[in-house]
Amino acid sequence: MFPLKDAEMGAFTFFASALPHDVCGSNGLPLTPNSIKILGRFQILKTITHPRLCQYVDISRGKHERLVVVAEHCEQSLEDLLRERKPVRYPSYLAPEVIAQGISKTTDHVPSEKPLPSGPKSDIWSLGIILFELCMGRKLFQSLDISERLKFLLTLDCVDDTVTVLAEEHGCLDIIKELPENVTELLKKCLTFHPSKRPTPDELMKDKLFSAVSPLHVPFTKPASLFSSSLRCADLTLPEDISQLCKDTNNDYLAERSIEEVYYLWCLAGGDLEKELVNKEIIRSKPPICTLPSFVFEDGENFGQGRDRSSLLDDTTVTLSLCQLRNRLKDVGGETFYPLLEDDQSNLPHSNSNNELSAAATLPLIIRERDTEYQLNRIILFDRLLKAYPYKKNQIWKEARVDIPPLMRGLTWAALLGVEGAIQAKYDAIDKDTPIPTDRQIEVDIPRCHQYDELLSSPEGHAKFRRVLKAWVVSHPDLVYWQGLDSLCAPFLYLNFNNEALAYACMSAFIPKYLYNFFLKDNSHVIQEYLTVFSQMIAFHDPELSNHLNEIGFIPDLYAIPWFLTMFTHVFPLHKIFHLWDTLLLGNSSFPFCIGVAILQQLRDRLLANGFNECILLFSDLPEIDIERCVRESINLFCWTPKSATYRQHAQPPKPPSDSGAIRSSAPYFSAEGTDPPKTDLSRESIPLNDLKSEVSPRISAEDLIDLCELTMTGHFKTPTKKTKSSKPKLLVVDIRNSEDFARGHISGSINIPFSAAFTAEGELAQGPHTTMLQTFKGKVVVIVGNVAKHTAEFAAHLVKMKYPRVCILDGGINKIKPTGLLTVPSPQI
């Protein structure tokens, strides 16, 4: 959108016609209110941008089918300016084809009448008359009344040279003959009687007479969109004197922001559309008792109550005052509107804001999203970062870890998902019209998808849903449409309602990252592996809850499939999904596991107190979930989860490391890093699904164990050393081999609890020299290492039964570590 500049914002209101309440549609559902239909169809008007057109900004729906439209508003309209000066439609300036159709007033308009043939070519005739008057030095047709003027203009059809006839009629032929030849030719072109032979404005600008000025007339072209193959800075020009950019000629920085941003901030600063219209008496209400009829018959017919005139159309536009917003932002300095973007290679969340804003960043998200000054800073910062996408992708990622301003969420999500290239051309090339077998299922699902939202429930929203979903199905022939795909599409479509191509591109980037192979025709093996890993995550983070759910048989298959198949969009309303996905998009494909565990932990007390039937009822109507708490806890869980613990053989294969990824190679081990590590010899190996299901605790790779133990390779020395920056131990390694094997070589810092004597007959941990240390590490990561996979799995299961959290198994056992040379061999006793 264009900057606000000296324009203002205006609002006007009207009513949509009401539908009868007792009529249903062909599908048996209530008819869609006309106001919602208008709301959906209006959205396309927001995309019409031109320097000479007022910009539509927003439309809101009120009570009783009332709609309020917000648009750019100028106090003086073109009609006002024409009223002050001589209008072009003055009879002397009318083109012959307009006269031939007859002159009608706008109030006399009848729908069946054809519109007047007035257009650009008619304006060319009017321009010719004006130029003729300027050359002649006086007005035309002054001695003729209106009817004679019109009759004379129509008779020009019979002459060959209109300019000569007009000159002879007004006695100025000598003046016309003295004009330069190119001027005479221009007049003849403009005053060509037949519109078909008359030039268009573009053709006229190519006349030699305009050769000096035509290069200055650059036709308006819509700037290249953010996600396109076009160079957005191709036409960037700077003044010869760069210091001109620094001159502070106008302190009204707000006027330089787009009208969309200004309206959003106006609402945050307390702006209320209905209140503004009530103050100007555009919206009038009266006490309910005054609406009662004076006389009512038994059959319901009533008398004595005239039509409520407040529901009649009033086209008055009310100017929205920006005084409250300007007053709110009066202490915001000019440097805020032009933040300096510096390259920052650190891996911590970074903000370019000042100390006050840094303090505001610690406030709850709901408060930050309603703080006018904070949102102004964040919007401007993200606007600048997104304009530099993809070069500032790393910094966008860092700022998104702080928060994402709601106004910039759609574009920011696309940047986080790595959307690039000519997305519109790709989307347009997909056949969305030819019928396919899934059309019927799509038609059934759409009317049930987030229909509480006015925009998505509109017919226009349904049509966009249909096109985007069909485009995805057609462009992915190896995948199929599963119920739930519509819910997955909803957040992207809502945020990019006027950009279907971007919604499609985001969805196409999101699914391979988080739901790889979930939409195969036979996806049972993918989902079963996913749910098994989720069960292990529950046992890893909350063994008590895991034990209880397993005892009552309440397995994830009964409740978690809709969670992960739709990435929680089927569970939560859109406003919660926005906050949840703001964080989800920063993590890798294992982050949804942590979200699922965080949801269960919010319901923990109720789940532990209930049996199978009560748990089924609880999840059939999921209680209110505190989404902010869910996000905080899921991040904490993610940071405590070793990366390889959530390994899935059916996950998306990791991409080879690139230059862009090298920036984050030194990221902390537990971080909301968005990439999966590449596979190495020390990575986890795939195991059969049945073997995976038989293990309660997750496996971790030797690579993760080495990283967590902070061991470094020492080259020629046999004894591994710890990194100098080590602090508190992050984990405890429990070696369950017999003491002889342990003495031959073990991981530095590990303890030895032989499996054969680890537990009593009652299943309790047998007392021994190292059991006390194991108990002191309860709550930290405990890695079970052995040389028999079955024994390590059983040992871990025993610890989980004893409510030990964060228990995991070394994949491949001690044999995976031996080739690394990291095993410690005790010195022989002399």
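How much space lies in the second largest cavity? The legends below, written for a predicted model, begin with that cavity and then move to the sheet, the hairpin, the cysteines and the whole chain.

**View 1. The second largest cavity and the residues that line it.** About 50 Å³ of space lies in this second largest cavity, and the structure holds five cavities of 30 Å³ or more. The residues lining the second largest cavity are Glu-529, Tyr-647, Gln-649, Arg-684, Glu-685, Ser-686, Ile-687 and Leu-692. Sorted by class, this lining has three nonpolar residues, two polar residues and three charged residues. In general, empty space of this kind is revealed by rolling a probe the size of a water molecule over the atoms.

**View 2. An open sheet of five strands with parallel pairing.** The strands of this sheet follow the order β7-β14-β13-β10-β12. Because β7 (699-700) and β12 (751-752) stand at the edges, each with a single partner strand, one side of each is left without a neighbour in the sheet. Within the same sheet, strand β13, which covers residues 781-785, pairs in the parallel sense with strand β14, residues 807-810, over three bridges. In this pairing, Val-782 is placed opposite Val-807 of β14.

**View 3. The hairpin formed by β2 and β3.** Strand β2, made up of residues 56-61, pairs in the antiparallel sense with strand β3, residues 66-73, and five bridges join the two. Asp-58 has Val-70, in β3, as its bridge partner. Four residues lie between the two strands of the hairpin, and in the turn His-64 has a positive phi of about 55°.

**View 4. Two cysteines, Cys-267 and Cys-615, in a structure with zero disulfides.** A disulfide is a covalent bond between the sulfur atoms of two cysteines, and a search of the whole structure finds zero of them. Cys-267 is partly exposed, its relative accessible area being 33%, whereas Cys-615 is buried, with a relative accessible area of 0%.

**View 5. The whole chain, as a setting for the close-ups.** The chain, which has 830 residues, contains 37 helices and 15 strands. Buried residues account for 44% of the residues in the chain. When contacts between residues at least 6 apart in sequence are considered, 74% of them join residues at least 24 apart.

Conventions
Residues numbered from 1 in each chain as written. Predicted model: local features only at pLDDT ≥ 70, side-chain atom pairs only at ≥ 80, totals over all residues. Heavy atoms only, no water. Disulfide = S-S within 2.5 Å. Buried < 20%, exposed > 50% of the residue type's maximum accessible area, 1.4 Å probe, protein only. 1 Å grid on protein atoms, 1.4 Å probe; cavity = no way out; pocket = protein on both sides within 12 Å on 5 of 7 lines; lining within 4 Å. Points joined across faces, edges and corners; volume = space filled by probe spheres on them. Nonpolar A, V, L, I, M, F, W, Y, C, P; charged D, E, K, R; others polar. Pairing = 2+ DSSP bridges. Contact = heavy atoms within 4.5 Å.
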